[in-house]
Amino acid sequence: MNAPGSITDVAGIRVGQYQRIDPDVTLGSGWASGTTVVLPPPGTVGGVDGRGGAPGTRETDLLDPINSVRHVDAVVLSGGSAYGLATADGVMRWLEEQGRGVALDGGVVPIVPAAVVFDLPVGGWQCRPTAEFGYEAARTAGTDVAVGTVGGGTGARVGVLKGGVGTASTQLASGVTVGAIVVVNAAGDAIDPATGLPWLAYQIEEFGLRRPPADQIAAYAARHQEFSPLNTTIAVVATDAALSPAGCRRVAVAAHDGLARTLRPCHTPHDGDTVFALATGAVEVPLDPRTPASMSPEVPLVSEVGAAAADVLARAVMVAVLSATSVAGIPSYRDMLPGAFE
C-alpha cells in the first residue's frame with residue numbers, strides 16, 4: 001500500500017489521541033472508546049458542514065460564516081455519543097494553560113468545536129470518554145498519527161466490520177497541501193458485500209487488494225443481519241491555503257463527497273455525519289484573473305481544495321477500515337476477508 005500521507009502534512013497541524021481498551025472487553029461490557037484531537041496553528045480559520053440527521057456536536061454554530069469568531073483552536077472527534085462532548089472541556093483546559101484562545105480582559109476562551117460518534121454499545125454504556133481523555137489527547141499531540149483502532153475510532157464500526165481512524169493527504173500543483181483525518185463509524189458499508197472489496201474500483205488497485213475467496217465473501221455478506229443504523233462518521237479536512245470562513249464551509253461541503261463515494265448508505269436520518277474544514281493560511285495562491293468580477297475571488301481555489309478534500313477523505317476512510325483491528329468480537333476487514341491481501 002502506497003503511503004497515503006497524513007493530515008499533519010499540512011504544516012502546523014498536530015493530532016493527539018487517547019483511548020482506553022480493556023484486554024478482555026466484550027460487546028456491551030468494558031472499555032472500548034477514545035478521543036482524537038486536531039490542533040491547528042494560531043490564526044486558523046474554520047468551517048463545518050453536517051449532513052446526517054442525528055448529529056452530536058458542539059460549537060458548530062460559531063463556525064457559521066455570518067458569526068463573529070473566525071479562528072479555531074482545536075477540533076475534537078470523540079467516541080461516547082453526546083456524553084463524549086465532555087472531552088472538549090479537557091481540551092479547553094489544556095489550551096487555557098497554554099494561553100490559547102480568544103483573548104479577553106480576564107483571560108482566554110479557547111474555541112473548540114467537537115463532534116461525536118455513537119459507540120456506547122461496543123464497550124460498557126458507562127465506559128465513555130471524559131474531559132481527561134480530551135486533556136491527554138491535546139497534551140500528547142504531535143505529527144505522528146496512529147490509525148485504526150485508536151482515539152475516537154477505538155469503538156467504531158463500519159457496517160458489520162470494525163471501523164477506526166484514518167488519515168491521508170495530497171499536494172496540489174499550486175503547492176497547497178490538503179489533508180484529512182476521519183473517524184469511520186458508519187452504519188453503511190465501506191466494503192461491497194458482493195465482492196468483498198471497496199466500492200471505488202480505483203481504490204482496489206491503490207491499496208493493493210484482490211478479490212477474496214467466495215467463502216470469505218459469503219461469510220461477510222451473511223453477517224449483515226447484525227446491521228445497526230445508529231452510527232456516524234466524523235472528519236476534519238485541513239489545508240494550508242488562505243481561505244475565508246465561507247470558503248472553509250464550502251470545502252467542508254465538498255469533502256462530504258468523499259464519504260458518499262466510500263460508504264453506502266451515507267448521510268441518513270439515523271447518523272450524524274459531520275465534516276470540519278480548517279485553513280491555516282500559510283500558502284497564498286495568486287488569484288485567477290479569469291474569475292468574473294461578480295464572483296468571490298477565492299472561488300477557483302475553493303473549488304480545487306474542495307475537490308482534493310473529497311479525494312483525501314475517501315482515501316482516509318479506506319485507511320481506517322484496512323488498518324482497524326478487532327475489538328469486542330467485531331471482526332476487522334483483515335480478519336474477515338484476509339484473501340484480499342494475499
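# Briefing on a predicted protein chain

Buried residues account for 57% of the 342 residues in the protein chain, and the model described here is a predicted one. The secondary structure of the protein chain amounts to 7 helices and 14 strands. The points below move from the overall form of the protein chain to its charges, and then to two helices.

**Overall form**

- The radius of gyration of the protein chain is 19 Å, which agrees with the value near 20 Å that a compact globule of 342 residues would have.
- Taken along the principal axes, the box that the C-alpha atoms of the protein chain fill is roughly 60 × 45 × 35 Å.
- When contacts in the protein chain are restricted to residues at least 6 apart in sequence, 80% of them join residues that are at least 24 apart.
- The area exposed by the protein chain is about 13300 Å², and carbon and sulfur atoms supply 52% of it.

**Charges and salt bridges**

- The protein chain carries 21 positive and 33 negative charges, and the mean positions of these two sets are 2 Å apart.
- The count of salt bridges comes to 10, and among them is a network that links Asp49, Arg51 and Arg249.
- Within this network, the side chains of aspartate 49 and arginine 51 meet with an N to O distance of 2.5 Å, while those of aspartate 49 and arginine 249 meet at 3.5 Å, N to O.
- Arginine 249 belongs to helix H5 (residues 245–262) and aspartate 49 to strand E3 (residues 45–50), so this pair ties together parts that are 200 residues apart in sequence.
- Aspartate 49 is classed as buried because its relative accessible area is 6%, a value under the 20% limit for that class.
- Both of its arginine partners are partly exposed, arginine 51 having a relative accessibility of 35% and arginine 249 one of 33%.
- Another salt bridge joins aspartate 288 and arginine 290, whose closest N and O atoms are 2.9 Å apart.
- In that pair, aspartate 288 is partly exposed, with a relative accessible area of 22%, whereas arginine 290 counts as exposed because its relative accessible area is 72%, which is over the 50% limit.

**Alanine 310 in helix H6**

- Alanine 310 is placed in helix H6, which covers residues 299–323, and it counts as buried because its relative accessibility is 1%.
- Once neighbours within four places in sequence are left aside, the residues in contact with alanine 310 are Ala254, Ala255, Asp257, Gly258 and Arg261.
- Alanine 310 and valine 178 are separated by 132 residues in sequence, and their C-alpha atoms are 9.9 Å apart in space.

**Helix H2 and its cover**

- Helix H2 runs over residues 131–139, and its buried residues include Phe133, Gly134, Tyr135, Glu136, Ala137 and Ala138.
- The cover over the buried residues of H2 includes two strands, E1 (14–21) and E2 (32–39), together with helix H1 (87–97).
- As a general point, an α-helix has 3.6 residues a turn, so residues three or four places apart point the same way.

Methods. Residues are numbered from 1 along each chain as its sequence is written. This is a predicted model: local features need pLDDT of at least 70, side-chain atom pairs count only at pLDDT 80 or more; totals for chains, interfaces and linings use all residues. Side-chain values use heavy atoms; hydrogens and water are left out. Helices (H or I, at least four residues) and strands (E, at least two) are DSSP runs, numbered from the N terminus. The radius of gyration is taken over C-alpha atoms; the globule rule is 2.2 Å times the number of residues to the power 0.38. Buried means under 20% relative accessible area, exposed over 50%, partly exposed in between (1.4 Å probe, protein chains only). Contact means heavy atoms within 4.5 Å. Accessible areas come from the Shrake-Rupley method with a 1.4 Å probe; for residues, only the protein chains shown count as cover. Lys and Arg count as positive and Asp and Glu as negative; His and the chain ends are not counted. The place of a charge is taken as NZ of Lys, CZ of Arg, CG of Asp or CD of Glu. A salt bridge is a side-chain nitrogen of Lys or Arg within 4 Å of a carboxyl oxygen of Asp or Glu.
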